[in-house]
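Q: I'm new to this one, and I'd like a close look at a single part: the aromatic pairs. Could you walk me through them and then show me what sits around them?

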Amino acid sequence: MSSTTSAIVFENVRLIDPAARLDQPGRLLVRDGLIAGIDLPGAEGAPEDAVVINGGGAVLCPGLVDMRVEIGEPGHEYRETVKSASRAAFAGGITTVAVLPTGTPAIDDPAMVRLLCSRGEEPGHVSILPYGALTKGCRGEELAEIGLLSEAGAVAFTDGARAVATARLMKLALTYARGFSAMVVQHPEEPTLAGSGCATDGELALRLGLPGIPTAAEAIMIARDIRLAEMTGGRLHFGHVSTGEGVDLIRRARERGLAVTCDTAPQYFDLNENAIGDFRTYAKFSPPLRAEVDRLAICAALADGTIDAVASDHTPRDADDKRLPFAQAAAGGTGLATLLGVTLTRYHDGTLSLSDALALLTSKPAALLGVSGSSRKKGTRSAGTLETGAPADLCLFDPDRAWRVIAGELPGHAQNTPFDGRALEGKVLGTWKSGVRVFGDGV
Amino acid sequence: MAEGQAGGSRFFGASGRHLLGVQGMHPSQIIPILDLAETYVLMNGSRKTPRDRLRGRTLINLFFEDSTRTRTSFELAGKRLGADVVNMSVSQSSVNKGETLLDTAATLNAMRADLLVVRHSQSGAPALLAQKVDASVINAGDGTHEHPTQALLDALTMRRHLGRIEGLTVAICGDVAHSRVARSNIHLLCAMSCRVRLVGPPTLVPGAMASLGVEVHHTMEEGLRDADVVMMLRLQHERMSGGQVPSAREYFRFYGLDRKRLELAKPGALVMHPGPMNRGVEIDSQIADSDQSVIREQVEMGVAVRMAVLDRLARGNRS
């Protein structure tokens, strides 16, 4: 990590800022940790005191905003700490993460929200936007203090990978949260149908003898909650949607004008259930990996804008959590370092333009979390933008440079990637947070 | 039976002889009660009340739900007018032994009560009783439906302090959804052309309440601005266990009445509360005890208003 300088000029870069519909070669000036302005081609000269960085034609975009991340803190520091997660995030071009409230203890007290925020402000750490627990202890019984948690800095409310099971509680949550303009994030899986299942119902689960979860478990929960959002006027978001039926329901709700949004994670548009092969627990997720037809439907929903964001769904797990019989193994994969590279597969195969792919990783999640543009809440640190005056959180990457994912050699502590061995195109060359270089050297 | 028909005849109409609710009452029915109550305020003050007014009349306080202040208030009102007052509370009655509401009505009817003051946890219970008894039934609070004498005493308190009721801006804050006090006040204040604002979290003040002809606000800052009257409601503990409100501290932080929020209302705005108060939950102690608070006076007005109601109903019955 290099030291702070008062001014930096990035030159010979392709500037992409999806929020501003900007995609063209140019220069970007950083002063005192803030973005000081953009020059279009032809501009010359730089402030005398400025450090000049020649991007060699690489893309310079806002530091990525990852809206669904689990960190081991508090309570599971052996899996991951803010420090190790920051290393992985910066290597992936991510400068802001929204952290799930499902630590031990759950983030259901304003003091815990403030603690997480301040951990993200420490030098060398990724910025943290904490989710507040939707219910006390994330136990799904009583509402948490949504007002006080919002005031402390919680950006949205969820019980993580635990669905709000009863319609009554979801109705209350959406209704109460509306009073604070707070977003409720649901895990889209009807828990009584999911039961103890660990793979998607179908031929593969049958052959492997694994208890299945029907894709309808997602559709039923999404349909129910859309109806509740319509009834209450609440702000509803679905995390990691993974089925065609699910995104269809969301697409239709939006056509009717409802404020329902969703995100997905790389494993749902880059892998299908075959990845679990011979009981490969590193490919065990919640929701489980789906059939190819659903993967294609998720790609289509990315292309047509039904899906608002791609989040890593980073879930650090130790080898001990994974080296178990499939049904007993922990679900989830590490995802920070691979988020950009896997998302860019959809650019390279023509599903998305580069700017649209980056919007899903920067401006759109930032807007959902209330840290950018017109939706930005007072007092928050702006993210996901190159606008003048914003913190200089930047990602410099070469969209065409290839690299290979190797479990055991990923940056950060957690190594439980489902993408082991995968060749990706799109390599991060450097990451800056508040104008301080936090990843990469040279260019 | 004639009550409950169109035209607000539930009260003092041509054949109305009960007070079951404020809904449907016309200002021409409300104002005479307040005027009569004013005279009782003066008489109560000088301890000279017309003890012959209800002499020989029997008033039964029939309380299926615990209450101290409302029951006592009706008891005093009846006694100051010379009625024979009997208190029946459910814990002592045969209701606990399985008697139905209508059996109870038949029993009381046989005792020839003239005035029946009823509180019940079920909305509509007094209306059911009213169909089966010869006495005048006064609703002293039924479920989450109405508490008409509370609205009348609140109106009297406002009128005495502000000189009028018409056109006032009144903010009713807190657990409106489960409040019979709020409903009766909404009906009365709307009938009197007030601007009524309901303020509270959406779980306690559903947006659909706007259909009653009121404004709905979810922040105190919006709802209290330039109000003439701030009426706080009690937050029942079961709202926390029922999940509508996460905690008392959060409730006070966002929906409690403190000095800063009260300053948003008009200078000298009245602070009201039907009691009993939860200090530090819906209201700051300093505000409850401040000069702007008329909470104790509401209790005083309660006796006078109930005297007026008993008087009018009993005399209506006589003629």
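A: Here is a walk through the aromatic pairs, followed by some unusual backbone spots and a look at chain B.

Keep in mind that this is a predicted model. Counting over all chains, there are five aromatic pairs. One of them brings together Phe10(A) and Trp432(A), with ring centres 4.7 Å apart and planes at 90 degrees, an edge-to-face arrangement. Phe10(A) belongs to strand β1 (residues 7–17) of chain A, and Trp432(A) to strand β18 (residues 423–433) of chain A, so this pair ties together parts that are 422 residues apart in sequence. How well covered are the two partners, buried or exposed? Phe10(A) has 1% relative accessibility, so it counts as buried. Trp432(A) also comes out at 1% relative accessibility, and therefore counts as buried.

Next comes a pair made by Phe180(A) and Phe254(B), again edge-to-face, with 4.7 Å from centre to centre and 70 degrees between the planes. This pair crosses between chains: Phe180(A) sits in the loop between α4 (167–178) and β11 (183–186) of chain A, while Phe254(B) is in helix α9 (residues 248–255) of chain B. Both Phe180(A) and Phe254(B) are buried. Which residues make up the aromatic cluster here? Tyr176(A), Phe180(A) and Phe254(B) form it together.

Now for the backbone. As a rule, most residues other than glycine have a negative phi, and most peptide bonds are trans. Chain A has some spots to look at with that in mind. The bond joining Thr104(A) and Pro105(A) is a cis peptide bond, with omega about 5 degrees. You'll find Pro105(A) in the loop between β7 (94–99) and α2 (110–121) of chain A. Going from Ser286(A) to Pro287(A), the peptide bond is cis too, with omega near -5 degrees. Pro287(A) has its place in the loop between α9 (266–270) and α10 (292–303) of chain A.

Then there's phi. Asp313(A) isn't a glycine, yet its phi is positive, at about 55 degrees. Look for Asp313(A) in the loop between β16 (309–310) and α11 (319–322) of chain A. Its relative accessible area is 7%, so Asp313(A) is buried. Over in chain B, Ser193(B) isn't a glycine either, and has a positive phi of about 60 degrees. Ser193(B) lies in the loop between α6 (180–191) and β6 (195–199) of chain B. With a relative accessible area of 53%, Ser193(B) is exposed.

Since Phe254(B) and Ser193(B) both take us into chain B, let's step back and look at that chain. Chain B is built with 12 helices and nine strands. Its C-alpha trace spans about 55 × 45 × 35 Å along the principal axes. For 319 residues, a compact globule would have a radius of gyration near 20 Å, and chain B agrees with that at 19 Å. Buried residues make up 58% of chain B. Among contacts in chain B with a separation of 6 or more, 71% link residues 24 or more positions apart.

As for the outside, chain B exposes about 12,600 Å², with carbon and sulfur atoms supplying 49% of that area. Its side chains include 38 positive and 33 negative ones, and the centres of those two sets are 4 Å apart.

Notes:
Residues numbered from 1 in each chain as written. Chains lettered and ligands numbered in written order. Predicted model: local features only at pLDDT ≥ 70, side-chain atom pairs only at ≥ 80, totals over all residues. Heavy atoms only, no water. Helix = DSSP H or I, 4+ residues; strand = E, 2+ residues; numbered from the N terminus. Rg over C-alpha atoms; globule rule 2.2 N^0.38 Å. Buried < 20%, exposed > 50% of the residue type's maximum accessible area, 1.4 Å probe, protein only. Contact = heavy atoms within 4.5 Å. Areas by Shrake-Rupley, 256 points an atom, 1.4 Å probe, with all protein chains shown as cover. Lys, Arg positive; Asp, Glu negative; His and termini not counted. Charge placed at Lys NZ, Arg CZ, Asp CG, Glu CD. Phe/Tyr/Trp six-rings, centres within 6.5 Å; stacked < 30°, edge-to-face > 60°.
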